[in-house]
Amino acid sequence: MSSATTEKAVDYLVSQKTSVETPRGVLFKLYSHTIMMIILPLSTYYYTSNYYFEGENKTTYAALAAAGIANVVVFSFIITAIWEDYSSNTQQKRNKED
């Protein structure tokens, strides 16, 4: 393939590039769950380790509690993504009916 043909192909692909806008709600949910994924397990670990559990296994129990909270955050992100997808599909169906 000659360089002129390659250059034309690249120009064509660049001209066909379309931008996809991400809705603000999606970014807000992503950022909020990211922040929750950082803050909640850490704060759960330190709180339960210092104030809730006692004994020689307190760090193990605190780590299990933090892992449980991390799973709750992931599960909540999945549920909100499913709800968002469901609501966007129903809106598209309503728009097609109109």
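## Thr80 and helix 3

The backbone oxygen of Phe77 lies 2.9 Å from a polar atom of the Thr80 side chain. In this predicted model, Thr80 belongs to helix 3, which covers residues 58-97. Leaving aside residues up to four places away in sequence, Thr80 touches Lys29 and His33.

Ala67 is another residue of helix 3. Ala67 has a relative accessibility of 37% and therefore counts as partly exposed. Its C-alpha atom is 10.0 Å from that of Leu40, and Ala67 and Leu40 are 27 residues apart in sequence.

## Overall fold and confidence

The chain contains three helices and zero strands. Along the sequence the pattern reads α-α-α. Among contacts between residues at least 6 apart in sequence, 59% join residues at least 24 apart.

The average pLDDT of the chain is 82, and 76% of the residues score at least 70. By element, the lowest mean pLDDT is that of helix 1 (residues 3-16), at 71. The highest mean is that of helix 2 (residues 24-52), at 91.

## Surface and burial

How many of the residues are buried, as a percentage of the chain? Of 98 residues, 10% count as buried. The exposed area of the chain is about 8500 Å², with 61% of that area supplied by carbon and sulfur atoms.

Thr44, in helix 2, is a buried residue. Its relative accessibility is 17%, and the cut-off for burial is under 20%, so Thr44 counts as buried. Not counting residues up to four places away in sequence, Thr44 touches Ala65, Ala66 and Ile69.

## Annotated spans

An unreviewed UniProt entry lists residues 26-48 and 60-83 under "transmembrane region". In the model, residues 26-48 are 100% helix and 0% strand, and the end C-alpha atoms of this span lie 32 Å apart. Residues 60-83 are likewise 100% helix and 0% strand. The end C-alpha atoms of residues 60-83 are separated by 35 Å.

Some residues described above can be placed against this record. Thr44 falls within the listed residues 26-48, and Thr80 falls within the listed residues 60-83.

## Aromatic pairs

Across the whole structure, a search finds four aromatic pairs. One of them joins Tyr47 and Tyr51: the ring centres are 5.5 Å apart and the planes meet at 40 degrees, so this pair is tilted. Tyr47 and Tyr51 are four residues apart in helix 2, which means that about one helical turn separates them. Tyr51 has a relative accessible area of 63% and is therefore exposed.

Tyr52 and Phe53 form an edge-to-face pair, with 4.9 Å from centre to centre and 80 degrees between the planes. Are Tyr52 and Phe53 exposed or partly exposed? Tyr52 counts as exposed because its relative accessibility is 57%, whereas Phe53, at 21%, counts as partly exposed. The 21% of Phe53 is not under the 20% cut-off, so Phe53 does not count as buried. Ring pairs also bring in Tyr61, linking Tyr52, Phe53 and Tyr61 into a cluster.

Technical notes
Residues numbered from 1 in each chain as written. Heavy atoms only, no water. Helix = DSSP H or I, 4+ residues; strand = E, 2+ residues; numbered from the N terminus. Polar contact = N/O pair within 3.5 Å; in protein donor to acceptor, adjacent residues only side chain to side chain. Contact = heavy atoms within 4.5 Å. Buried < 20%, exposed > 50% of the residue type's maximum accessible area, 1.4 Å probe, protein only. pLDDT = per-residue confidence, 0-100. UniProt positions renumbered as here; feature names shortened; annotations may be inferred. Areas by Shrake-Rupley, 256 points an atom, 1.4 Å probe, with all protein chains shown as cover. Phe/Tyr/Trp six-rings, centres within 6.5 Å; stacked < 30°, edge-to-face > 60°.
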